[in-house]
Amino acid sequence: MVQPNGMSNLPMVNGQFITIERFLLDRQPEYAKGDLTTILYDMALAGKIISAQTRRAGLLDVLGLAGQVNVQGESQQKLDLMADDVIIRLNDHTGRLAAMVTEEQKDWVRIPEGYRKGSYVLVYDPLDGSSNIDTNISIGTIFGLYRVVDRTNRGRLEDCLQAGRKLVAAGYIIYGTSTMLVYSAGNGVHSFTLEPSLGEFLLSQEGMLFPEIPSYYSFNHSAGRSWSPQVEKYANWLRDSYQPPMSYRYIGSMVADFHRNLVHGGIFAYPATPEKPNGKIRLLYEAAPLAYLAEQAGGYGSNGRRALLDVVPTDIHERTPVFIGNRDLVAKAEEFLRQS
Ligand code: P6P
């Protein structure tokens, strides 16, 4: 097929390039057209803006700490705060949302007075892996979308504290060698690559699935000093017994580890330890959206005992142990953790 000059390096699918806007219009299930689809556009726009800022981080004075700590007591990076501000300002006045939850705000975010409340709740981590910002390692935005519990009384904490099983869409934007948006609205997982010269996210892959044979396992082995005997045995099984042997990769940026494992097969785990009895990863806006994507891609996400999507959060910032990736590897983790 003759490629138009200079266009042949764009991510083509079936010989054509499809923008996320066209994809959402043409492929979204009927029930998802309307506000849900528009919110996904809004997140794509947020991704473009955040990508531009992270690309220039070295040049603009946005590197380094902002001199504040977030509700987690973690030093907030300037890019964290910028990304959070971008997402809130893109979404708080559109009339599509009734509430937001973000890692960077202590309380859930209300829709400002004077603006209509919509039917959706956006939960997100504006910049996961932010401790890597100053070292040019891939970082990412993670998001999930819920419908409000009661349309006649919307915009309440109850709308935010829903199990992941209630998610109607989830996704992430990874700011790496290229900027990619990966999402699902319940109809498979689809990935888009930002073409900077066009400012468009172009369809890269439709219907992503974890490869049958996993290639990587991702743990922070330095935490191994305080793992439970069961987690220790599981980690050793992954290293010594699983066939065909996997490689060990741990970037310290969950979105990047998750994305690599989705593409090549594998498992990411952040178990509980005595120092972190509930693990480190936040349930509502990190683990649950990724678990939703994992299940849509034929994988699974567990807290070691049960599906992450079945856990009802009791606090918007609660943490959870995480085992997420190829279904058989995660099921095996549950098997090891059940042993006394
Ligand atoms: P550790 C980033 O802060 C994060 O939440 C995840 O993106 C990442 O996988 C994890 O923490 C890294 O934590 O304790 O291994 O440095």
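How many residues does the hairpin that joins strand 3 to strand 4 pass through? In this predicted model, the hairpin between strand 3 and strand 4 runs through 6 residues. Strand 3 covers residues 97-102, and 6 of its 6 residues are buried. Its partner across the hairpin, strand 4, spans residues 109-110. The two strands run antiparallel and are joined by 2 bridges, with Met-100 finding its bridge partner in Val-109 of strand 4.

Strand 3 also pairs with strand 5, which takes in residues 120-128. Here the sense is parallel, and the pairing extends over 5 bridges. One of the residues involved is Val-101, whose bridge partner in strand 5 is Val-123. Strand 3 is thus a handy place to begin a tour of the model, since mostly covered is a fair description of it.

Turning to the protein chain as a whole, its secondary structure amounts to 8 helices and 17 strands. The chain has 340 residues, of which 56% count as buried. Its accessible surface is about 14,400 Å², and carbon and sulfur atoms account for 50% of that area. Among contacts in the chain with a separation of 6 or more, 64% are made by residues 24 or more positions apart.

The ligand comes next. A shell of 13 residues surrounds the ligand, and Asp-128, Asn-220, Tyr-250, Met-254 and Tyr-270 are the closest. By character, the shell splits into 5 nonpolar, 4 polar and 4 charged residues. Strand 13 (266-270) and strand 14 each contribute at least two residues to this shell.

Several side chains place polar atoms by oxygen atoms of the ligand. For Tyr-270, an N or O atom of the side chain is 2.6 Å from a ligand oxygen. Asp-128 has a polar side-chain atom at 2.9 Å from an oxygen atom of the ligand, and Lys-280 likewise has a polar side-chain atom lying 2.9 Å from a ligand oxygen. The ligand taken alone exposes 400 Å², and the protein buries 84% of that area.

Strand 14 deserves a second look. It consists of residues 281-282 and includes Arg-282. Is this arginine, Arg-282, buried or exposed? Arg-282 counts as buried because its relative accessibility is 4%, and the cut-off for buried is under 20%. The side chain of Arg-282 is joined to that of Glu-103 by a polar contact of 2.8 Å.

Key: Residues numbered from 1 in each chain as written. Predicted model: local features only at pLDDT ≥ 70, side-chain atom pairs only at ≥ 80, totals over all residues. Heavy atoms only, no water. Helix = DSSP H or I, 4+ residues; strand = E, 2+ residues; numbered from the N terminus. Buried < 20%, exposed > 50% of the residue type's maximum accessible area, 1.4 Å probe, protein only. Polar contact = N/O pair within 3.5 Å; in protein donor to acceptor, adjacent residues only side chain to side chain. Near = heavy atom within 4 Å. Areas by Shrake-Rupley, 256 points an atom, 1.4 Å probe, with all protein chains shown as cover. Nonpolar A, V, L, I, M, F, W, Y, C, P; charged D, E, K, R; others polar. Contact = heavy atoms within 4.5 Å. Pairing = 2+ DSSP bridges.
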